[in-house]
Amino acid sequence: MTTTAVRQGGVRLTQYAQGGGCACKIPPGELEEVVAGLTGGAPRTEPAGDLIVGLDSGDDAAVVRLPGGAGGRAVVVTADFFTPVVDDPYDWGRIAAANALSDVYAMGGSPLVATNLLAWPRGTLPLDLAREVLRGGLDVAGEAGCHVAGGHSVDDPEPKYGMAVTGVADPERLLRNDAGRAGVPLSLTKPLGLGVLNNRHKATGEVFAEAVETMVALNRDAAAAALAAGAVCATDVTGFGLLGHLYKLARASGVTAVVDAAAVPLLDGAREAVRDGYVSGGTRRNLGWVAPHTDFGRTDEPARLLLADAQTSGGLLVAGEVPGAPVVGELVPEGEHRLVVR
């Protein structure tokens, strides 16, 4: 369903950003070059806890096991922010908060407290709009049962918003991207197409209500269902697209991932948005990154672009069956290619 763009005071926030949402991430290949060699350094002072998940596998959040006497708990820490993905400031705040909280859910944790991260062109955009962004973030954090306690703001020519989130988890029941095993199905808990629909929204002002509701939906229940089903491996699908995040999971787990393209759910209008050319540069970079490691078979270009579509606040990709979520593929023993699309 599409409607006319919602504007507050005649302002279209997406027009103040070079990119939009998670499509404005640094490309995955470039990012890996930046962080290469930054792991394994010994702290000068003995840390208070054991780092369980760090930079090594490029997982969704860092996890530290608390020292003795903490009842076998771990702290999950993440930060995520981005430029406006929709024009409505309240919706942008809700989407950004749900996206930041998702990293904690993707590790099998529960968010505990968040702080706001806000960059705002105070000489260009009214601060009333910033208040609406923050209100949206506060409402979604409240839905998640997560405290919001202050944050940090800067004067910036380009608006950006997100959250730094701290959560808790059972260190023996984490969802990790390096724990995949051959013979396990792959489930996807939200449909794809958010990137191309957001790009169309930015270009035309059309509002896609289904896309907005998909982005603001928390991954809390999906994570709980995955843990209840005994899953130990998962990741959320955001700026690197389904194929990009699945490539990282398969590589970290030492397996090959097979995707059934026809089984992957899509939002209404996603195919048409690709057909009409509303494909972000981030999506094309995602596809270029995974292509050397992928056997696409007879999959056509539009389908490849949707599988690589840069999502914002997408669903969980779980190694295992999740009730109510479609099975979109499986993990198999490592082969010639890291990814196979059929």
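**Contacts, core and salt bridges in the predicted model**

Setting aside neighbours within four places in sequence, Thr256 is in contact with Glu330, Leu331, Val332, Pro333, Glu334, Gly335, His337, Arg338, Leu339 and Val340. The model is predicted. Thr256 sits in strand 11, which covers residues 255-259. Its relative accessible area is 4%. The cut-off for burial is under 20%, so Thr256 counts as buried. Two polar contacts involve the side chain of Thr256. A polar atom of this side chain lies 2.9 Å from the backbone nitrogen of Gly335. The side chain of Thr256 also reaches the backbone oxygen of His337, at 2.7 Å. Both Gly335 and His337 appear in the contact list of Thr256.

The chain as a whole was considered next. Its secondary structure comprises ten helices and 15 strands. The chain has 342 residues, and 52% of them are buried. Among contacts between residues at least 6 apart in sequence, 85% join residues at least 24 apart. The exposed area of the chain is about 14500 Å². Carbon and sulfur atoms supply 51% of that area.

In soluble globular proteins, nonpolar side chains tend to be buried together. Here, the largest nonpolar core holds 93 residues. Trp92 and Trp120 touch the most other members of this core. Helix 2, residues 89-106, gives the core its largest share, ten residues. Beyond its neighbours within four places in sequence, Trp92 is in contact with Trp120 itself. Other contacts of Trp92 include Leu13, Phe82, Val86, Val133 and Tyr161. Thr83, Pro84, Val85, Pro159 and Lys160 are also among them.

Helix 2 was examined along its length. It has 18 residues, and 18 of the 18 are buried, so helix 2 is largely enclosed by the rest of the structure. At 1.5 Å a residue, helix 2 should span 26 Å. The C-alpha atoms at its ends are 26 Å apart, which agrees with that expectation. Asp88 caps the N-terminal end of helix 2. A side-chain oxygen of Asp88 lies 3.1 Å from the backbone nitrogen of Tyr90. After helix 2 comes Gly108, with a positive phi near 85°.

Side chains of opposite charge can pair when their charged atoms come close. A search of the whole structure finds 16 salt bridges. One of them joins Asp87 and Arg12, with the closest N and O atoms 2.6 Å apart. This pair links distant parts of the chain, 75 residues apart. Asp87 is in the loop between strand 4 (74-82) and helix 2. Arg12 is in the loop between strand 1 (2-3) and helix 1 (28-35). Both Asp87 and Arg12 are buried.

A salt bridge also forms between the side chains of Asp155 and Arg122, at 3.7 Å from N to O. Asp155 lies in strand 6 (residues 147-155), and Arg122 lies in the loop between strand 5 (110-120) and helix 3 (127-143), so the pair ties together parts 33 residues apart in sequence. Arg122 is exposed, with a relative accessible area of 59%.

Lys160, listed above as a contact of Trp92, forms a salt bridge with Glu158. The closest N and O atoms of Lys160 and Glu158 are 3.4 Å apart. Lys160 is buried, with a relative accessible area of 18%. Glu158 is buried too, with a relative accessible area of 18%. Elsewhere, salt bridges that share partners join Arg200, Glu206, Arg275 and Asp276 into one network.

Arg200 is also one of the buried residues of helix 4. Helix 4 (residues 194-204) is mostly covered, with eight of its eleven residues buried. Besides Arg200, the buried residues are Leu194, Gly195, Val196, Leu197, Asn198, His201 and Lys202. They pack against strand 9 (207-208), helix 5 (209-216), helix 8 (270-275) and helix 10. Gly205 follows helix 4, and its phi is positive, near 90°.

A positive phi is also found at Ser313, about 55°, although Ser313 is not a glycine. Ser313 is in the loop between helix 10 (301-307) and strand 13 (316-319). Ser313 is buried, with a relative accessible area of 1%.

Definitions and conventions: Residues numbered from 1 in each chain as written. Predicted model: local features only at pLDDT ≥ 70, side-chain atom pairs only at ≥ 80, totals over all residues. Heavy atoms only, no water. Core = buried A, V, L, I, M, F, W, Y, C linked by side-chain atoms within 4.5 Å. Buried < 20%, exposed > 50% of the residue type's maximum accessible area, 1.4 Å probe, protein only. Helix = DSSP H or I, 4+ residues; strand = E, 2+ residues; numbered from the N terminus. Contact = heavy atoms within 4.5 Å. Polar contact = N/O pair within 3.5 Å; in protein donor to acceptor, adjacent residues only side chain to side chain. Areas by Shrake-Rupley, 256 points an atom, 1.4 Å probe, with all protein chains shown as cover. Expected span 1.5 Å × (residues − 1). Salt bridge = Lys/Arg side-chain N within 4 Å of Asp/Glu carboxyl O.
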